[in-house]
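Here are my notes for you, written as a colleague would jot them down. Keep the viewer open and click along as you read.

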Amino acid sequence: MKKINKTFAIILTAVLFTSCSKWLDVQPNSQIKDSELFKDESGFKEALAGVYTILTGEPLYGKELTYGMMGVLSHEWVTYPTAYDDDGNYNYTGTLSQNRIEGVWSNMYKALSNTNNILGNIDGKKVFKGDNYNIIKGEALALRGFIHFDLLRCFGTSYTINASQPAIPYVTQYTAQQTSQYKVNEVVNRILEDLLAAKELLKVDPVFTGKKVTEFDDNGYLINRQLHLNYYAVQGLLARIYLYMGDYAKARECAQAVINSGKFSFSTQANYINGTDLSGAPEHLFALQITNLNQYAINYLSEEGTTVFSLNSATLLSYYENNTDDYRYLYLFENGTSINTDKRYVLKYSESASTDAYYQNKMPVLKLAEIYYILAECDYHDGTDVLKDFNPVRKARGVAQMTTAPADFRSVMTNEYRKEFIGEGQLFYYYKRWNMAAIRGSDKDLVGLKAYIFPLPASEYEAANRVTNR
């Protein structure tokens, strides 16, 4: 994967923020402003950048859907702000918990609204250079599928538990009108329709074709496709969704396509040691670039912060099964000082020691380790060798490779998810996919409490004809 150089980092920052100010001026049903925004190719690029920017906010992947609310719900942390006490007890009726859930719902649907605005205007416009029509439309369709899937993972019953349970609206129009509420399986079918269409369009993606792109080509627009929903990110999302559905054959096919591409590699020990690559940049199939990510890390994940999520020494060591050679244990946590001596703070989102923008400000959303774990799940289901897909991740993390298949596959896989995805929001979804009543760190019955399904915001019942999603 080609790295962004310093010059392009400046260009990207300018596009994401100066252009987003124009995008944010667009109001629903404002045809004049829409016509201004979409009169040329740059407007479509700006609108797409605006959708990504919404996703980087604290209510979503900048905090709550990664290390914040999701980290508390999966009981990754030993200590966390008291404002999250209701979340830790799965009491979704508390005001602060309701506000966070409402923030997820409203911001995700805001992103969807503006994604649909792009899709509603893109066809028939003769303003695109090269392959940009296919790429921009492909990304927009992929975003629509991706956002709906994470909404479904938050607000829907698990597919394998009750696929006919009403869940969420699947919004495909830029309109103020209410969209019907769909069942879980209906939402999944629409997600797959969008992602499969996106995959076809993105067959011109440079990450797939191997076309060399420089900063002088279209101002470097197609450099570093990991920061966009690129062709292989869509393949990885499809693998994630097919696994969620229990379609192991299709999950394997999509995951294997990512591995066979050779486009992604694990971070090196050297880059862990020197602090260059804390979030695992070459491993990202898709990441969000969050300009103030380091400040978030200071505020919420460091000793300097006032509302902090952290571990203690004993719990951290137990997470990594007393293996002090594990690179993640060795290099991705910082010891506290003074009265915080026993506390351990995750460093994944702290500032890189490198000045190379390729390693900076990246929040992983989908990465290589998950693809191997998807394949291991498929292996286990099919009764084939799981070691060939467990061991590449273990080797990359400095952990001894397994020589015999684990006697308790589910326990081992759970441990692997906990070690690999701490602070990334994936552990809660893993627990939900397996409908685990009991999880480490909590004495609650998550199934009995319906903890895996966020209640729809009260405003949805007031403004639309909704039925319970739980």
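The points below go from the annotated domain to the core, the sheets, the cavities and two buried residues.

1. Before anything else, remember that this is a predicted model. The values below are computed from it, so to speak, "as drawn".2. Start with what the record says. An unreviewed UniProt entry gives the annotation "domain: RagB/SusD" to residues 305-437. In the model, that stretch is 43% helix and 11% strand. Its end C-alpha atoms sit 33 Å apart.

3. Next, look at the nonpolar core. The largest one has 141 residues, and Leu55, Phe155 and Phe454 have the most contacts inside it. Helix H7, residues 132-155, gives the most to this core, with 13 residues.

4. Which residues does Phe155 touch, leaving aside neighbours within four places in sequence? One group is Ile101, Val104 and Trp105, and another is Ala167 and Ile168. Phe155 is also in contact with Ile453, Phe454, Pro455, Leu456 and Pro457, and with Asn469. Notice that Phe454 turns up here as well as among the residues with the most contacts inside the core.

5. Now the strands. S3 (residues 284-289) and S7 (residues 362-367) run antiparallel and are joined by five bridges. If you want one pair to find on screen, try His284, whose bridge partner in S7 is Lys367. S7 is mostly covered, with six of its six residues buried.

6. There is also an open sheet of three strands, in the order S4-S6-S5, with antiparallel pairing. Why do S4 (311-312) and S5 (333-335) count as edges? Each has a single partner strand, so one side of each is left without a neighbour in the sheet. S5 is joined to S6 (residues 343-346) by three bridges, and Asn335 stands opposite Arg344 in S6.

7. On to the empty spaces. Rolling a probe the size of a water molecule over the atoms shows where empty space is left. Here the structure holds five cavities of 30 Å³ or more, and the largest has a volume of about 170 Å³.

8. What lines the largest cavity? There are 14 lining residues, and Arg153, Arg240, Tyr429, Tyr430 and Arg433 lie nearest its centre. The elements giving two or more residues to this lining are H7, helix H11 (231-245), H17 and helix H20 (426-433). H20 gives the largest share, five residues. You have already met H7 as the helix that gives the most to the core.

9. Is Glu370 buried or exposed? Glu370 is found in helix H17, residues 368-382. Its relative accessibility is 5%, and buried means under 20%, so Glu370 counts as buried. Not counting residues up to four places away in sequence, Glu370 touches Arg240, Tyr417, Phe421 and Gln426. Arg240 is also one of the residues nearest the centre of the largest cavity.

10. Finish with Ile422, in the loop between helix H19 (409-420) and H20. Ile422 is buried, with a relative accessible area of 1%. Ile422 and Glu76 are 346 residues apart in sequence, but their C-alpha atoms are 6.7 Å apart in space. Beyond residues up to four places away in sequence, Ile422 touches Glu76, Trp77, Leu311, Tyr319, Tyr320, Phe333, Lys348 and Tyr417. Tyr417 is a contact of Glu370 too.

Key
Residues are numbered from 1 along each chain as its sequence is written. This is a predicted model: local features need pLDDT of at least 70, side-chain atom pairs count only at pLDDT 80 or more; totals for chains, interfaces and linings use all residues. Side-chain values use heavy atoms; hydrogens and water are left out. UniProt positions are given in the numbering used here, feature names are shortened, and annotations may be inferred rather than shown by experiment. Helices (H or I, at least four residues) and strands (E, at least two) are DSSP runs, numbered from the N terminus. A nonpolar core is a set of buried Ala, Val, Leu, Ile, Met, Phe, Trp, Tyr and Cys residues joined through side-chain atoms within 4.5 Å. Buried means under 20% relative accessible area, exposed over 50%, partly exposed in between (1.4 Å probe, protein chains only). Contact means heavy atoms within 4.5 Å. Two strands pair if DSSP finds at least two bridges between them. On a 1 Å grid over the protein atoms alone, a cavity is a set of points where a 1.4 Å probe fits but cannot get out, and a pocket is an open set with protein on both sides within 12 Å along at least five of seven lines; lining residues have an atom within 4 Å of a point. Grid points are joined across faces, edges and corners, and a volume is the space filled by probe spheres set on the points.
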